[in-house]
Amino acid sequence: MTEHRPVGPVDASVHPRYAGIATFARLPRIEDVPRADIAIVGIPFDTGVSYRPGARFGPSHVRDSSRLLRPYNPAQDVSPFAEAQVVDAGDIPANPFDIGAAVAEIEQAALDLGSRVERIVTVGGDHTIALPLLRAVNRKHGPVAVLHFDAHLDTWDTYFGAPITHGTPFRRASEEGLIDLTASCHVGTRGPLYSKRDLDDDERLGFSIVSSVDIEERGIEAAVERVRRRIGDRPLYISIDIDVLDPAHAPGTGTPEAGGMTSRELLRMLRALSDLDIVGADVVEVSPAYDHAQLTGIAASHVVYEFVTLMAARIGAERNGGEQG
Ligand SMILES: N=C(N)NCCCC(=O)O
Ligand SMILES: [Zn+2]
Ligand SMILES: [Zn+2]
């Protein structure tokens, strides 16, 4: 069978980067190619926020901030768009007036897209969307390890009586049996809580914590070792709330907390996760109205690029291994 070479991004030496309609990294749209391995999809939804709104504009901002990405990733020594067919699958429409309807729509759309591609990277949207995405992942893979980068625990119970919000996705996911309670972990948490009991609840719900202070005191290598030991070889879902970064690195977000990671630390930590079985990933909580000079959008676009590189490298290696074997 003849292998078709993946269709890559628009050639920036012919079409200036700032020209044309922005897909992620100027990649082809899913409808423009016969088949795809990895899809980047937006979810413009922010009805679940508890403070500043605006993450519904995250997907288009991250796409626009991704125009400068180039095809070779030297940090991982991988050309992701050559290893796999990577596409932009557009946005999932989600009801802005009814959270229950929205999460049902998101789960179904993620299942539909998941039947067409091997891996999905989602750009939010507020953190509510992690719940329907984990429901969809669970149907395919069973309970997964969740590696959750965030200033916040997001294992709170309800807000104004509402059980599905951006502060509650991982509590609901834990209660529903979507995640592996022995293998999940928060990274980068910090800032004031409601009470000490939040931490007891969080532990009971199956999470361990590498806090922002842990990273400062013991460094990235130690953090990587801790999370890798906990995850093992389980299927892994990675959820990145961009507010895990210090507001100096990511001002464009809805619930900022002082004292966070640098974008360099976050990227380094992600690159150290190569060879893990990443079955899905998201980047959420980019709220462009509070951004400056695309700082947050660029950070988020680079996070997506690292995700795509990790996934494409694995798909490429499996394909080559398969050919030899
Ligand atoms: N998922 C994010 N970004 N934030 C949750 C914070 C909710 C709270 O202030 O209680
Ligand atoms: Zn957060
Ligand atoms: Zn969050």
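This briefing walks through the fold, the internal cavities and a few notable backbone sites of the structure above.

The structure is a predicted model, in which local features need pLDDT of at least 70 and side-chain atom pairs count only at pLDDT 80 or more, while totals for chains, interfaces and linings use all residues. Residues are numbered from 1 along each chain as its sequence is written, chains are lettered from A and ligands numbered from 1 in the order in which they are written, and side-chain values use heavy atoms, with hydrogens and water left out.

**Overall build**

- The protein holds 9 helices and 8 strands; these are DSSP runs numbered from the N terminus, with helices being H or I of at least four residues and strands E of at least two.
- Its radius of gyration is 18 Å, which agrees with the value near 20 Å for a compact globule of 325 residues (taken over C-alpha atoms; the rule is 2.2 Å times the number of residues to the power 0.38).
- The C-alpha trace spans about 60 × 45 × 40 Å along the principal axes.
- Of the 325 residues, 55% count as buried (buried is under 20% relative accessible area, exposed over 50%, partly exposed in between, with a 1.4 Å probe and protein chains only).
- Among contacts with a separation of 6 or more, 78% join residues 24 or more positions apart; a contact means heavy atoms within 4.5 Å.
- About 14100 Å² is exposed, and carbon and sulfur atoms supply 53% of it (Shrake-Rupley method with a 1.4 Å probe; for residues, only the protein chains shown count as cover).

**Cavities**

- There are 2 cavities of 30 Å³ or more; a cavity is a set of points on a 1 Å grid over the protein atoms alone where a 1.4 Å probe fits but cannot get out, and lining residues have an atom within 4 Å of a point.
- The largest cavity contains about 50 Å³ of space, where a volume is the space filled by probe spheres set on the points, joined across faces, edges and corners.
- Helix α7 (residues 212–231) gives the largest share of that lining, 7 residues, and Asp-214, Arg-218 and Arg-226 are among the residues that line the largest cavity.
- By class, the lining of the largest cavity has 4 nonpolar, 1 polar and 3 charged residues (Ala, Val, Leu, Ile, Met, Phe, Trp, Tyr, Cys and Pro are nonpolar, Asp, Glu, Lys and Arg charged, and the others, Gly among them, polar).
- The second largest cavity has about 30 Å³ of space, and its lining includes Phe-24, Pro-59 and Val-123.
- Both β1 (38–43) and α1 (58–64) supply at least two residues of that second lining, which divides into 6 nonpolar, 1 polar and 1 charged.

**Backbone sites to look at**

- A cis peptide bond, with omega near 15 degrees, runs from Gly-124 to Gly-125; Gly-125 sits in the loop between β3 (119–124) and α4 (130–141).
- Asp-77 has a positive phi, near 50 degrees, and belongs to the loop between α1 and α2 (80–83), where it is exposed at 56% relative accessible area.
- Asp-154 also has a positive phi, near 55 degrees, in the loop between β4 (145–149) and α5 (169–175), but Asp-154 is buried at 3% relative accessibility.

**Around Asp-243**

- Asp-243 lies in the loop between β7 (236–241) and α8 (263–271) and is buried, at 0% relative accessibility.
- Leaving out residues up to four places away in sequence, Asp-243 touches Asp-150, Ala-151, His-152, Arg-190, Thr-253 and Thr-255.
- From Asp-243 to Pro-169 the C-alpha to C-alpha distance is 16 Å, with their positions 74 residues apart in sequence.

Terms used
1 Å grid on protein atoms, 1.4 Å probe; cavity = no way out; pocket = protein on both sides within 12 Å on 5 of 7 lines; lining within 4 Å.
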